[in-house]
Amino acid sequence: PLILLPLRPHKKSRGWGVIRSRMSRAFAVARVHAPSRGSADRRARHPPSSRPLPLSSRRLSGAKDLGGVSNGARTSMAGWVDNTAEVTVTAPLPVVWELWQDKTRIPNWMPWIHSVEPVPGVPGDTKWLLKTNQFGQDFEFSWVARDLPPVKKEKIHWFSTDGLNNKGAVTFDQRPDGRTVVRMNISYEVPDVLVPFGAATSPLVASILQADLERFGAFSSKVVAAMGAGRRR
């Protein structure tokens with residue numbers, strides 16, 4: 001469990017420092033009420049979908065051996081695939097933006113991401129570990145991601161430097177009603193261990209990403225509610 005020491009009250013309720021202090025307390029509350037890893041993992045294996053996702057006819061070609069090991073098998077890559085997901089959350093842009101700045105928080109709403117850890121001595125690099133059960137099998141992939149310069153409160157983006165080849169971006173757009181549109185786009189090379197499942201891979205990943213963003217919407221709402229409760233005390 002995350003334990004935070006009490007913070008001294010601020011004389012004024014303005015400024016980004018105040019928002020961060022409130023978010024630290026609210027984030028702890030949201031984590032306390034977050035589902036357990038076991039239940040979250042089960043949802044990641046069978047993510048909800050509002051409508052059937054059509055199978056893609058994309059052909060997987062251009063494989064190249066990267067010499068890695070995944071799921072007990074030698075890994076080579078078989079073509080790039082793109083997936084996009086989008087959600088409109090009730091949280092305001094400053095809160096949404098801040099939640100995405102600390103990558104170690106991401107497993108709270110993306111349970112198939114087992115862990116995200118900073119790479120010691122390399123600012124902007126993080127080590128990611130993905131664990132999931134799909135098609136009746138356990139899969140595990142890892143990579144090192146390097147952050148590209150962000151566009152403040154608009155865009156974060158990255159590319160992998162080691163492990164599973166991927167790149168992507170998350171963009172943020174504040175609506176006039178105070179809600180925030182969050183869009184995620186990822187591109188990745190399909191590992192050989194997933195090639196036998198062919199066209200089923202892309203719609204599966206798309207549905208998982210959509211469920212992840214919907215989970216983020218619920219999580220950010222809890223953070224906002226906890227911040228509001230903190231102000232009333």
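A nonpolar core is a set of buried Ala, Val, Leu, Ile, Met, Phe, Trp, Tyr and Cys residues that are joined through side-chain atoms within 4.5 Å. In the structure considered here, which is a predicted model, the largest nonpolar core has 44 residues, and among these Trp100, Phe172 and Val182 touch the most other members. Helix H4, which covers residues 201–232, gives the most to this core, with nine residues. Such a core can be set against a general tendency: in soluble globular proteins, nonpolar side chains tend to be buried together.

The surroundings of Val182 can be described in detail. When its neighbours within four places in sequence are left aside, Val182 is in contact with Ala85, Glu86, Val87, Val89, Val96 and Trp100, and also with Val170, Thr171, Phe172, Leu213 and Phe216. This list includes Trp100 and Phe172, the two residues named together with Val182 for touching the most other members of the core.

The overall architecture of the chain comprises four helices and eight strands, and these elements, read along the sequence, follow the pattern α-α-β-β-α-β-β-β-β-β-β-α. Of the 233 residues of the chain, 43% count as buried, while the accessible surface comes to about 13,000 Å², with 54% of that area belonging to carbon and sulfur atoms. Among contacts between residues at least 6 apart in sequence, 55% join residues that are at least 24 apart.

Helix H3, formed by residues 93–101, is mostly covered, since seven of its nine residues are buried. The buried residues of this helix are Leu93, Val95, Val96, Trp97, Glu98, Leu99 and Trp100; of these, Val96 and Trp100 also appear among the contacts of Val182. In helix H4, where Ser202 has its place, an example of burial is given by Ser202 itself, which counts as buried because its relative accessible area is 17% and the cut-off for burial is under 20%. Ser202 and Asn83 are 119 residues apart in sequence, yet their C-alpha atoms are 7.0 Å apart in space.

Attention may now be turned to the empty space inside the model. Rolling a probe the size of a water molecule over the atoms shows where empty space is left. A search of the whole structure finds two cavities of 30 Å³ or more, and the largest cavity has a volume of about 520 Å³. Its lining is made up of 33 residues, of which Trp112, Leu130, Trp143, Leu164 and Ile186 lie nearest the centre of the cavity. At least two lining residues are supplied by each of strand E4 (125–134), strand E5 (137–147), strand E6 (155–163), strand E7 (166–174), strand E8 (180–191) and helix H4, and the greatest contribution, seven residues, is that of E8. By chemical character, the lining of the largest cavity divides into 25 nonpolar, five polar and three charged residues.

Several positions in the strands and the loops between them deserve separate description. Phe141 lies in strand E5 and counts as buried because its relative accessibility is 9%, under the 20% limit. The C-alpha atoms of Phe141 and Gly163 are separated by 7.7 Å, although the two residues are 22 residues apart along the chain. Val151, by contrast, is found in the loop between E5 and E6 and is partly exposed, with a relative accessible area of 37%. Val151 and Thr171 are 20 residues apart in sequence and 9.1 Å apart in space, taken from C-alpha to C-alpha.

Two further loop residues are described by their backbone angles. Most residues other than glycine have a negative phi. Phe135, in the loop between E4 and E5, has a phi near 55°, which is a positive value in a residue other than glycine. Lys153, in the loop between E5 and E6, likewise has a positive phi, of about 60°, although it is not a glycine. Both residues count as partly exposed, because the relative accessible area is 36% for Phe135 and 29% for Lys153, and partly exposed residues fall between the limits of 20% and 50%.

Definitions and conventions:
Residues numbered from 1 in each chain as written. Predicted model: local features only at pLDDT ≥ 70, side-chain atom pairs only at ≥ 80, totals over all residues. Heavy atoms only, no water. Buried < 20%, exposed > 50% of the residue type's maximum accessible area, 1.4 Å probe, protein only. Contact = heavy atoms within 4.5 Å. 1 Å grid on protein atoms, 1.4 Å probe; cavity = no way out; pocket = protein on both sides within 12 Å on 5 of 7 lines; lining within 4 Å. Points joined across faces, edges and corners; volume = space filled by probe spheres on them. Nonpolar A, V, L, I, M, F, W, Y, C, P; charged D, E, K, R; others polar. Areas by Shrake-Rupley, 256 points an atom, 1.4 Å probe, with all protein chains shown as cover.
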